[in-house]
Amino acid sequence: MSPYFSFMRIILLTILIAELSLSAGQQRFLDSLRVQKEFALIVGDYSKFASDTKPIKCLTPLIIDVRRNSQFLTRSQLSRFMEILSRPALPRSIVSPSGHFRIHYDPAYVDSEYLARCASCFDYAWHVEVDSFGFLPPVPDGTLGGDSLLDVYILRLPAGQYGMTIADDIPGPAPWNDAPAFIKIRNEYDSFPPNDDPEGSEWGALKVTAAHELFHAIQMAYDKDEEVWMLEIASVWMEDMVYNYVNDYYNYLNYFFDYPWLSLLELSMHMYASAVFFRYFSDNYGYTIIKRIFEQARYFDGMYAISAALDSQHLNLNNEFAKFVGWNFITDTLADSFHYEEATSYPPMKVEATVVSLPYTYSPRYSRSPRSWGANYIYIPSPPPYLKATISGATTVFWNIVAVILSDSSNVLTGVDSIWISTHGLPVAVAVAPSGINNPYNVFPYTLTIYGYEDIEEKYTFSSNDIKIFPNPFNEALNIKVTSPSKIYIYSVDGKLVDVLSAIDSYRWVPENLPSGIYLIKSIYSPPLKAVLLR
Ligand SMILES: [Ca+2]
Ligand SMILES: [Ca+2]
Ligand SMILES: [Ca+2]
């Protein structure tokens, strides 16, 4: 059993970067350190790394980053790197039965069974990703590798490397930034972490590597310079779309669930596990939403591509991120049948604090303060019937606040800056999840305050001085006046956000398809007012 290697020290390094406010020289030094670490991983020199955890799922993001920053390599490192970027010469090749792949091998270390399995895994991955899902096929490479088929090279890669996809340094035919690519995989997967493949973990690892690397070759047909965190999230997501039963990605999930404050944009093992972000989208909206993201990725990058794809479906990125943060708490023993399809296999979410008495104030320590597109979780095991949670923090970021009301059909509520929660006496998790800044190393400290109430109606009558509602009770429309412009949020009595009115100084709320009952009307600044709808 050979040891597993990891990015563990890269994770620690990026946390260190977050602590500092850097000068250009310091930034250059840290960039150079990062590129040197990445280069060491690419060439299989693991002597500088902790040997305690998992193999590197895919070299593709490291290769892209080193390629962009090759000025940090020495002359001899650069020539070694260029060797890795080039196509190897192997004595034999076959064409896969589908006719899409040319698979290159050396009979000295690849037997006919392995070769045939390899061809069938790639063919099946093509069938799902291109024929069935309708992603663009990889860009044909002219005569590279012998003909225009997609080339797969079976090699004796350094220990702990599943595979890699390398873009050719030639432009593709499309008007956007496309390029052909080739794939390197290994000749055996004997010492890799166990997975759920009934045929054995070695075959499972080969299958998910085929699905993962083919999807990287497909991604190069959309944008060969796309942001690498998104490419990795998408390829790990695709592993489970093609080979649902293998579940190799479970081996990496702790890098997400143990470090929820890290950004989705973080470049470390965290990005493999962040595949759950795309899983959230496909479990909710089907795989077509991921296809829309890549269609947008031709013209936009990263979160901008995701946001454009969501906009086309009338969905809002910040709000979808907030709901995703809520879903991530409903895992392991808290899983129900209404959220992640595979939630029982996901680890429990890391909790920063457990609340025993209210009101409660929390400020995270600096190193665990969330980055944008990250989160902190606070757990309230036995809350009173009503909670109000408010955040104060930097105004440069969008402060999502998320409440998860836990039961066998858990409920996720989202708000911005503050949220009103009707707990029904059930355990509640409150998450603070900043979003909107696309830099993984900016840290956002905050103060969260949680108030508890036994009876909302006694606490809040018509006394607020910055918001007025009339008539009350109302039948068709409720008039709302505020002293300063603010969004108006309207909640049902069980805490669900039912409407948002935009920022003007007078409003008319006409509830549609809502039953008679009590509704809570509030601005960002005010406590809620109770309005009674009588149909
Ligand atoms: Ca070719
Ligand atoms: Ca699965
Ligand atoms: Ca792009």
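**Entry 1: one residue pair**

I began with I166 and looked up its bridge partner in β5, which is F182. The model I am reading is predicted. I166 and F182 sit where strand β4 (residues 163-167) pairs with β5. I noted that this pairing is antiparallel and runs over five bridges.

**Entry 2: the other neighbour of β5**

Next I looked up how β5 pairs with strand β3 (residues 150-155), and found the parallel sense, over four bridges. For a residue pair here I took I154, whose bridge partner in β5 is I185. As a reminder to myself, strands of a sheet pair through backbone hydrogen bonds, either parallel or antiparallel.

**Entry 3: burial of β5**

Is β5 enclosed or open to the outside? I checked residues 181-186, and six of the six are buried, so the strand is largely enclosed by the rest of the structure. The cut-off I relied on for "buried" is 20 or more other C-beta atoms within 10 Å of the residue's own. I then went through β5 by face. One side carries A181, I183 and I185, and the other carries F182, K184 and R186. I wrote both faces down as covered, with K184 and R186 buried along with the rest.

**Entry 4: the sheet around β5**

I traced the sheet that holds β5 and got five strands in the order β1-β2-β3-β5-β4. I logged it as an open sheet with mixed pairing. Its edge strands are β1 (92-95) and β4, each of which pairs on one side only. For the twist I found that neighbouring strands are turned by 20 degrees against each other on average, direction ignored.

**Entry 5: a second sheet**

I moved on to residues further along the chain. Four strands there form an open sheet, ordered β18-β17-β20-β21, with antiparallel pairing. Which strands stand at the edges? I found β18 (497-501) and β21 (529-533); each has a single partner strand, so one side of each is left without a neighbour in the sheet. In this sheet the average turn between neighbouring strands is 25 degrees, direction ignored.

Inside it I looked at strand β17 (residues 488-492) and strand β20 (residues 517-523), which run antiparallel and are joined by five bridges. I490 stands opposite I521 in β20.

**Entry 6: domains**

I looked up the domain assignment and copied out domain 1 (1-86), domain 2 (88-226), domain 3 (326-454) and domain 4 (459-533). For the contact between domain 1 and domain 2, I counted 14 residues from domain 1 and 14 residues from domain 2. On the side of domain 1 that touches domain 2, I sorted the residues into nine nonpolar, three polar and two charged.

**Entry 7: the whole chain**

I closed with totals. The chain has 14 helices and 21 strands. Of its 535 residues, 45% count as buried. Among contacts between residues at least 6 apart in sequence, I found that 70% join residues at least 24 apart.

How does the radius of gyration of the chain sit against that of a compact globule? With 535 residues such a globule would have a value near 24 Å, and the chain has 26 Å, so I recorded agreement. The box filled by the C-alpha atoms, taken along the principal axes, is roughly 85 × 45 × 45 Å.

Definitions and conventions
Residues numbered from 1 in each chain as written. Chains lettered and ligands numbered in written order. Predicted model: local features only at pLDDT ≥ 70, side-chain atom pairs only at ≥ 80, totals over all residues. Domains from an automatic or database assignment. Contact = placed C-beta atoms within 7 Å. Nonpolar A, V, L, I, M, F, W, Y, C, P; charged D, E, K, R; others polar. Helix = DSSP H or I, 4+ residues; strand = E, 2+ residues; numbered from the N terminus. Rg over C-alpha atoms; globule rule 2.2 N^0.38 Å. Buried ≥ 20, exposed ≤ 12 C-beta atoms within 10 Å, placed from the backbone. Pairing = 2+ DSSP bridges. Axes fitted to C-alpha atoms, helices over the stretch in contact; angles between N-to-C directions.
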